[in-house]
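User: I'd like a close look at one part of this model, the sheet and what surrounds the ligand. Could you walk me through it?

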Amino acid sequence: MSSPHTSPARPAEREPGHDTARARGLVVVSGVASDAHTWNLVFLQLLIEELGYEVVNLGPCVPDEMLVEECRLLEPDLVVISSVNGHGHQDGLRLIGRLRACESLVATPVAIGGKLAISDDNAERIARELAAAGYDAVFPDGAAGVAEFRNFVGVLPRPSLTAGSRSGA
Ligand code: B12
């Protein structure tokens, strides 16, 4: 896991011999400021790597400002936010406002998922609120969550097919 206290370079810049042809793009995975859980982040990193992406995992308890700054520097193709401590709803609403307030992150795909509240009772309402606030996709915990997430990642535009590709291809 990259230390949240440093600015990790994009993988292709870190490793000169890196095989950019293999990478579908760069994904930032992060916990939210209040959340100390880590295995959710490790799980997501492995899953997303399995789908062919490079992952920069910022780890748990990432302050909003740091997350925005890392995303601004890394220009990821997708940002994946995870929270399981029950405060993801509040943290997530605050965070997406800050990400979308950054000009270069206005259109970056951002997804959030996990145990976003302390009960499942309002899961649908919370998911709607998070989507309305600016998330491209919301994956509350449940059997379908990870399968739907795989489908979501599978249909993301490939950077090598878009103008101004950062892959160097
Ligand atoms: C280990 C653990 C801890 C450890 C964490 C250590 C560490 N290094 O991670 C410690 C002891 C620190 C801890 C602390 C707390 N914990 Co805790 N913890 C757990 C526990 C037992 C396991 C979590 C885990 O590692 N699971 C394995 C990972 C791989 O799975 P996961 O986290 O469930 O994530 C899955 C899904 O949520 C989903 N997912 C997650 N994010 C995303 C994002 C996307 C995009 C997608 C698609 C899917 C997705 O995919 C993952 C794999 O299926 C769970 C209970 C449980 N059995 O799940 C409670 C649990 C998460 N903890 C809980 C709580 C309440 C706390 C505390 C608030 C307790 C307290 N009063 O202090 C603190 C919070 C501290 C903080 N600031 O965040 C609650 C959360 C309740 C809720 N959300 O409603 C749980 C569910 C226990 C419970 N049943 O009450 N905890």
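User: Which element gives the most to the shell around the ligand, and with how many residues?

Analyst: Happy to help. Please keep in mind that this is a predicted model, in which local features need pLDDT of at least 70 and side-chain atom pairs count only at pLDDT 80 or more, while totals for chains, interfaces and linings use all residues. Residues are numbered from 1 along each chain as its sequence is written.

The element you ask about is α2, which gives four residues, the most of any, to the shell around the ligand. Helices here are DSSP runs of H or I with at least four residues, strands are runs of E with at least two, and both are numbered from the N terminus. At least two shell residues each come from α2, β3, β4 and α6 (143–154). Among the 24 residues around the ligand, the nearest are Trp39, Ser82, Gly86, Gly113 and Gly114 (a residue is near if its C-beta atom, placed from the backbone, lies within 6 Å of the molecule). By type, the shell has eleven nonpolar, ten polar and three charged residues; Ala, Val, Leu, Ile, Met, Phe, Trp, Tyr, Cys and Pro count as nonpolar, Asp, Glu, Lys and Arg as charged, and the others, Gly among them, as polar.

Now to the sheet. Helix α2 (residues 39–50) packs on it, touching β1 (26–31), β2, β3 and β4, where contact means C-beta atoms, placed from the backbone, within 7 Å. The direction of α2 makes about 170° with that of β1; axes are lines fitted to C-alpha atoms, for helices over the stretch in contact, and angles run from 0 to 180 degrees between N-to-C directions. The open sheet has five strands, parallel in their pairing, in the order β2-β1-β3-β4-β5, and strands pair if DSSP finds at least two bridges between them. Because β2 (54–57) and β5 (137–140) are at the edges with a single partner strand each, one side of each has no neighbour in the sheet.

Strand β1 is largely enclosed by the rest of the structure, because six of its six residues are buried, meaning 20 or more other C-beta atoms, placed from the backbone, within 10 Å of a residue's own. Leu26, Val28 and Ser30 cover one side, with Val27, Val29 and Gly31 on the other. Four bridges join β1 to β2, with Val29 opposite Asn57. Five bridges pair β1 with β3, where Gly31 has Ser82 as its bridge partner. That Ser82 is also one of the residues nearest the ligand. Strands β3 (residues 78–83) and β4 (residues 110–114) are likewise parallel, over five bridges, and Val80 stands opposite Ala111 in β4.

Methods. Contact = placed C-beta atoms within 7 Å. Buried ≥ 20, exposed ≤ 12 C-beta atoms within 10 Å, placed from the backbone.
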